[in-house]
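Open the model in your viewer and switch to a cartoon view. The tour goes from one selection to the next.

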Amino acid sequence: MGTILRTNHLTKKYGNNSVVKDLSLTVHEGDIYGFIGKNGAGKTTLIRMIAGLAKPTEGNLLLFGGQNLTAARANIGTVIENPALYPNMTARNNMMVQVKLKGESPEQIDRLLELVGLADTGKKKAKNFSLGMRQRLAIAVALIGSPKFLILDEPTNGLDPQGIREIRELIVRLNKEEKITVLISSHILSELSKFATRYGIIHNGQLVEEFTKQELLERQGETPTEHDNDLEDYFLQKIAGI
C-alpha cells in the first residue's frame, strides 16, 4: 500500500502564535483518515498547507511519495470551509462553470451529479438547496478531474442527522467504489468512528496520536461489532489527556 500524504514536522506560525506545531502524520492509499480535533485545534490550517493555500513556517510534506507538490495537487480534490458555489445557478450550471475553469471535459458532469445524488435537481438553484445538498454539490465539484485524494474539512458541520448520514454514505462509496483516499476533519469522533479506517488526533496544534479503528476499539475493550456512545469521553480522558 502506497503513501498518499506524509507531513514531516510541519509548523505554521502567525506572528508568535504557533497554530500547527511540529506535526507529522501519514495517510495511506485507501484510507478514510479521520482527522479529529476541537474547533481551533489546527485542523483547517493543516489542510490549507496540504492544499497549497498556506505556506509552512517549518517542515515539509510529500504527496503521492514525491516533492513535486504542484503536479501532485492536480490529483487532489478539496472542500475547505464554506463551499464556493454560485447560489443563483443550478447544480449542473455550477458544474459547467467549474469544468471550464479547470479545463476539464463536461462529459463527466452527469456522472458526478449522479454519484453525489443530485442528478434530479433540475432547475432548482443552489441557494434553495439544503445545507446537505450544497455540501454534496461541493464534493461533486471537488471530484472534477477524477482526483485520487479527497480532502474534506468538517463536511458534516451543521447538518441534520439525515444530511450527516448522506455525506457518510457518499464518502464510503467514493472510497470503496471509486478507490479515492479520503482525509476528513471533524470535531466529532463518535461520527467518524462509524466509517473512518484510521485516525489522527490534533490538540492545540500538535498531533497527539495516530491509530487504526481496530486499535481504537481494542483500547476500549470492545469488539468491532459493538457500538460506543462515549467516544468523546474516551478521546478527552485517555488519548488527549485533558
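**Stop one: a hairpin**

Select residues 198-203 and 206-212. These are strand 9 and strand 10, paired in the antiparallel sense over six bridges. Keep in mind throughout that this is a predicted model.

Zoom in on His-203. Opposite His-203 stands Gln-206 in strand 10. Now look at the turn: two residues lie between the strands of this hairpin. Pick Asn-204 there; its phi is positive, near 55 degrees.

**Stop two: the whole sheet**

Zoom out. Strand 9 and strand 10 belong to an open sheet of six strands. Read the order across as 6-7-8-4-9-10; the pairing is mixed. Which strands stand at the edges? Select strand 6 (76-79) and strand 10: each has a single partner strand, so one side of each is left without a neighbour in the sheet. On average, neighbouring strands here are turned by 15 degrees against each other, direction ignored.

Next, select residues 131-142. This is helix 5, which lies across strand 6 and strand 7 (149-153). Helix 5 runs at about 160 degrees to strand 6.

**Stop three: strand 4 and strand 8**

Select residues 32-36 and 181-186. Strand 4 and strand 8 run parallel and are joined by five bridges. Find Phe-35; Ser-185 in strand 8 stands opposite.

Finish on Ser-186, also in strand 8. Is Ser-186 buried or exposed? Its relative accessible area is 2%, so Ser-186 counts as buried, the cut-off being under 20%. Show its contacts beyond four places in sequence: Phe-35, Ile-36, Gly-37, Lys-43, Glu-154 and Leu-192.

Definitions and conventions:
Residues are numbered from 1 along each chain as its sequence is written. This is a predicted model: local features need pLDDT of at least 70, side-chain atom pairs count only at pLDDT 80 or more; totals for chains, interfaces and linings use all residues. Side-chain values use heavy atoms; hydrogens and water are left out. Two strands pair if DSSP finds at least two bridges between them. Helices (H or I, at least four residues) and strands (E, at least two) are DSSP runs, numbered from the N terminus. Axes are lines fitted to C-alpha atoms, for helices over the stretch in contact, and angles run from 0 to 180 degrees between N-to-C directions. Contact means heavy atoms within 4.5 Å. Buried means under 20% relative accessible area, exposed over 50%, partly exposed in between (1.4 Å probe, protein chains only).
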